Amino acid sequence: MAPKTSPGPSSVLRGHRTDVQALCYHPKKDLLYSGDADGEAKLWDLTTERALWSQRLHATHAGITALHFVTCNHSTLLSQGRDGAIKQWDVSAEGTLSRVPLQVIETGSYNFCRMAVYVPEGPATNLLHQQASPSSPEDMSDNSHAEAIKPQHKIDALAAMSDMANCNQLRTELASSICSEEDTTVETANAALVAIAGHDPAVLELWNLQTGAPMKQLHQPEGVKHGMCMAVQLFNQPARHTLYALVGYEDGEVAVWDVFQGNLLISKHLHDEPVMAVAIDATGEGGICAAADNKVHCFSLDLPAQQVTLKATLEVKQQGIADICIRQDQRLFATAGWDGKIRVFHYKKLKTLAVLQYHKKGLTALVLDSRAQRLVSASRDGNIALWSVFQSDSI
């Protein structure tokens, strides 16, 4: 049977003057954050479908590549730009951001790999990522938090007095001094973390979100050259109290790392082109990866056996997938194509359900609101489309 085709989005949000590159839901309100290639962020009321607020978070040349709403004692929003920095912003009760960031984490990362975020809840049990990714509520202006981010202020001050070479040396020295083998596992398990491709984009780095300090580096095995980290997602499995990173590399390799131990568990060549997007389902036992080619791979993970099993390969007509999101109930997943089309698939049956088309240019991001059963797409055409396709019982 031919896949269903949507007549169009339920509504369209217009207001950005350039490519919309990042999307993020407010976890408790019907609000949406968006970020564009000029570094401007907007806050949208999805009930009235109007912009409530806008602010430039990163320089025009850097843009905004990712946004994450984080719940970790305070309501904060993380923004990532291609200026080597991740910024943490206070979120008001209305959802607007502070004029000045609470802290700036100078990661030295200038590539397109979007950050992934982990927030512990008890013994390493809760993660947040872009797809179902983000949550947070409170005021971050208290003195205790100011004390907590003093180490980052010191890093920034030292970096400002050095040239780039000295900054890189300082970053390396800090990473090695902070990440001793004795305490890294305990410290990492109890900290809110950000994972991102490092100053050396072949290395995945983890940073402590509270202190703004580097905690761990995951280097590719000696003699192995998979190229840059292109996509990453942090995840866990309910029965296993540890944290994993699913990483897609430039040469098409997909790997799973034990973050706490720093061990490479699984590595498999799945694509012939750079991996552009990865996603793990709610169980942590299955996932999807897509690349600059026309293949979408669905796989299962057996972490104790350190094995990945390819379940199916779905081919699309046009090359290039920018983003993937899996619905929380694991019935559906959707891909964001460079051809401007959203393709909706049945996660269990692995068949195409619908092809959604509205955007005039390539898609850059997808997010799914599990509460409203709403899919939102962002595009290089500067528009944001809202789709109610998931409200249908037939899908």
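With which side chain does the side chain of His297 make a polar contact? In this predicted model, the partner is the side chain of Thr313, at 2.8 Å. The surroundings of this pair are described below, after an outline of the chain.

The chain comprises 395 residues, and buried residues account for 58% of them. Its secondary structure consists of 4 helices and 30 strands. Of the contacts that link residues at least 6 apart in sequence, 50% are between residues at least 24 apart.

His297 is located in strand E22, which covers residues 295-302. Because its relative accessibility is 4%, under the 20% cut-off, His297 is classed as buried. When neighbours within four places in sequence are set aside, the contacts of His297 are Leu270, His271, Gly287, Ile288, Cys289, Leu310, Ala312 and Thr313. Thr313 therefore appears both in this set of contacts and as the polar partner of the His297 side chain, with His297 itself buried at 4% relative accessibility.

Strand E22 pairs with strands on either side of it in the numbering. Strand E21, residues 286-291, runs antiparallel to E22 and is joined to it by 5 bridges. One pair in this ladder is Cys289 and His297, which are bridge partners. Cys289 is also among the residues in contact with His297. The two strands E21 and E22 form a hairpin, with 3 residues between them.

The pairing of E22 with strand E23, residues 307-315, is likewise antiparallel and extends over 8 bridges. Here Leu301 has Val308 of E23 as its bridge partner. E22 and E23 also form a hairpin, in this case with 4 residues between the strands, and Gln306 has a positive phi near 55 degrees. In a regular strand, side chains alternate between the two faces of the sheet.

The bridge partners Leu301 and Val308 also occur in the lining of the largest cavity. The model contains 1 cavity of 30 Å³ or more, and the largest cavity has a volume of about 40 Å³. Its lining is made up of Leu246, Val254, Val256, Ile266, Lys268, Leu270, Phe299, Leu301 and Val308. Strands E18 (253-258), E19 (263-269) and E22 (295-302) each contribute two or more residues to this lining. By class, the lining has 8 nonpolar residues, no polar residues and 1 charged residue. Leu270, which lines the cavity, is in contact with His297 as well.

The second largest pocket has a volume of about 610 Å³. There are 30 residues in its lining, and those nearest its centre are Phe112, Arg114, Met276, Ala322 and Thr364. Two or more lining residues come from each of strands E7 (66-71), E16 (229-237), E20 (275-280), E24 (321-326) and E28 (363-369). The lining divides into 15 nonpolar, 10 polar and 5 charged residues.

Strand E24, one of the contributors to this pocket, is mostly covered, with 6 of its 6 residues buried. It runs antiparallel to strand E25, residues 332-337, and 5 bridges join the two. Within this pairing, Asp323 has Ala336 of E25 as its bridge partner. E24 and E25 form a hairpin with 5 residues between them, and Gln330 in the turn has a positive phi of about 60 degrees.

Two further buried positions were examined. Ser109 is found in the loop between strand E10 (103-106) and strand E11 (116-118). Its relative accessibility of 2% is under 20%, so Ser109 counts as buried. The side chain of Ser109 makes a polar contact with the side chain of Asn111, at 3.4 Å. Apart from neighbours within four places in sequence, Ser109 is in contact with Gly81, Gly84, Ile196, Ala197 and Gly198.

Leu23 belongs to strand E3, residues 20-25. Leu23 counts as buried because its relative accessibility is 0%. The C-alpha atom of Leu23 is separated by 5.7 Å from that of Tyr33, a residue 10 places away along the chain.

Key:
Residues numbered from 1 in each chain as written. Predicted model: local features only at pLDDT ≥ 70, side-chain atom pairs only at ≥ 80, totals over all residues. Heavy atoms only, no water. 1 Å grid on protein atoms, 1.4 Å probe; cavity = no way out; pocket = protein on both sides within 12 Å on 5 of 7 lines; lining within 4 Å. Points joined across faces, edges and corners; volume = space filled by probe spheres on them. Nonpolar A, V, L, I, M, F, W, Y, C, P; charged D, E, K, R; others polar. Buried < 20%, exposed > 50% of the residue type's maximum accessible area, 1.4 Å probe, protein only. Polar contact = N/O pair within 3.5 Å; in protein donor to acceptor, adjacent residues only side chain to side chain. Contact = heavy atoms within 4.5 Å. Pairing = 2+ DSSP bridges.
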